[in-house]
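This briefing sets out the architecture of one protein chain and the surroundings of selected residues. It is intended to be read alongside the sequence and the coordinates.

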Amino acid sequence: MLDAATGRRRLTPRATEIAAEARTLLEESGPDALTMRALADRLGIKAPSLYKHFPDKQAVEAELVAQMLTESAEACEEAGRTAPGSLPALMAAYRAWALAHPHLYCLATERPLPRHALPEGLEDRAAAPLMRVCAGDQDLARAAWAFAHGMVILEIHGRFPGGADLDAAWRTGARALLDR
């Protein structure tokens with residue numbers, strides 16, 4: 001069942017607790033550390049008990065991906081309210097959210113999106129702020145997202161040389177997209 005206000009699945013209280021602990025484990029230690037055994041250990045239960053609430057690890061990960069999409073959508077929606085129509089403001093919000101949650105961002109974006117397991121409409125909600133800024137131009141929106149994602153993932157993985165002016169690179173990229 002979905003919560004209409006948030007787009008998230010309504011979880012039982014115990015499943016909510018498990019998902020919260022999974023997120024904490026992920027944020028502290030990264031995607032490779034997120035195992036059902038490690039999660040059970042943190043909760044002080046045996047791993048098979050988790051399967052009463054989530055059928056498998058992929059279901060736990062899908063819940064975390066849904067959280068990422070919801071929260072990044074909220075950040076981008078706020079940027080849209082604060083600076084309507086501003087691609088640089090939207091990109092800044094996206095970047096700030098991703099850099100504040102690097103492990104969750106990587107979990108959600110470095111593998112195929114589990115569309116079948118996400119709340120209906122959540123992917124569209126996450127894309128909507130960018131689609132608005134791009135006036136419905138899907139090609140421009142895809143190019144802008146590819147630029148933003150590429151910049152974020154390179155920044156998360158420390159691929160830019162020290163002292164690189166990444167703020168200037170973001171501004172230049174946004175300008176180039178707008179000057180098309």
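The radius of gyration used here is taken over C-alpha atoms, and the globule rule is 2.2 Å times the number of residues to the power 0.38. For the 180 residues of this chain, a compact globule would have a radius of gyration near 16 Å, and the value of 18 Å found for the chain agrees with that. The model is a predicted one. Its secondary structure comprises nine helices and zero strands.

**Overall architecture**

- The order of elements along the sequence is α-α-α-α-α-α-α-α-α.
- The C-alpha trace spans about 55 × 40 × 25 Å along the principal axes of the chain.
- Contacts between residues at least 6 apart in sequence join residues at least 24 apart in 66% of cases.

**Surface and charge**

- Buried residues make up 39% of the 180 residues of the chain.
- The chain exposes about 9700 Å², and 55% of this area is supplied by carbon and sulfur atoms.
- The chain carries 21 positive and 24 negative charges, and the mean positions of the two sets are 2 Å apart.

**Helix H8 and its packing**

- Helix H8 covers residues 138-156. Its 19 residues reach 26 Å from the first C-alpha to the last, close to the 27 Å expected at 1.5 Å a residue.
- The buried residues of H8 are Leu140, Ala141, Ala144, Ala148, His149, Met151, Val152 and Ile153.
- These buried residues pack against four helices, namely H5 (87-100), H6 (102-109), H7 and H9 (166-178).

**Tyrosine 94 in helix H5**

- Tyrosine 94 is located in helix H5. It counts as buried because its relative accessibility is 12%, and the cut-off for burial is under 20%.
- Beyond its neighbours within four places in sequence, tyrosine 94 is in contact with Cys76, Tyr105, Trp145, Ala148, His149 and Val152. Among these partners, Ala148, His149 and Val152 are also listed as buried residues of H8.
- Alanine 75 is 19 residues from tyrosine 94 in sequence, and the two C-alpha atoms are 6.9 Å apart in space.

**Two buried glutamates in helix H4**

- Glutamate 77 belongs to helix H4, which runs over residues 57-82. Its relative accessibility is 18%, so glutamate 77 counts as buried.
- With neighbours within four places in sequence left aside, the contacts of glutamate 77 are Arg125, Pro129 and Arg132. Helix H7 spans residues 122-133, and these three contact residues therefore fall within that range.
- Glutamate 71 is likewise found in helix H4. A relative accessible area of 16% places glutamate 71 among the buried residues.
- Glutamate 71 and tyrosine 94 are separated by 23 residues in sequence and by 10.0 Å in space, C-alpha to C-alpha.

**Alanine 135 between H7 and H8**

- Which backbone feature sets alanine 135 apart, although it is not a glycine? Alanine 135 has a positive phi of about 50 degrees.
- The residue lies in the loop that links helix H7 (122-133) to helix H8 (138-156).
- Alanine 135 is exposed because its relative accessible area is 71%, whereas exposure is defined as over 50%.

Methods: Residues numbered from 1 in each chain as written. Predicted model: local features only at pLDDT ≥ 70, side-chain atom pairs only at ≥ 80, totals over all residues. Heavy atoms only, no water. Buried < 20%, exposed > 50% of the residue type's maximum accessible area, 1.4 Å probe, protein only. Contact = heavy atoms within 4.5 Å. Areas by Shrake-Rupley, 256 points an atom, 1.4 Å probe, with all protein chains shown as cover. Lys, Arg positive; Asp, Glu negative; His and termini not counted. Charge placed at Lys NZ, Arg CZ, Asp CG, Glu CD. Expected span 1.5 Å × (residues − 1).
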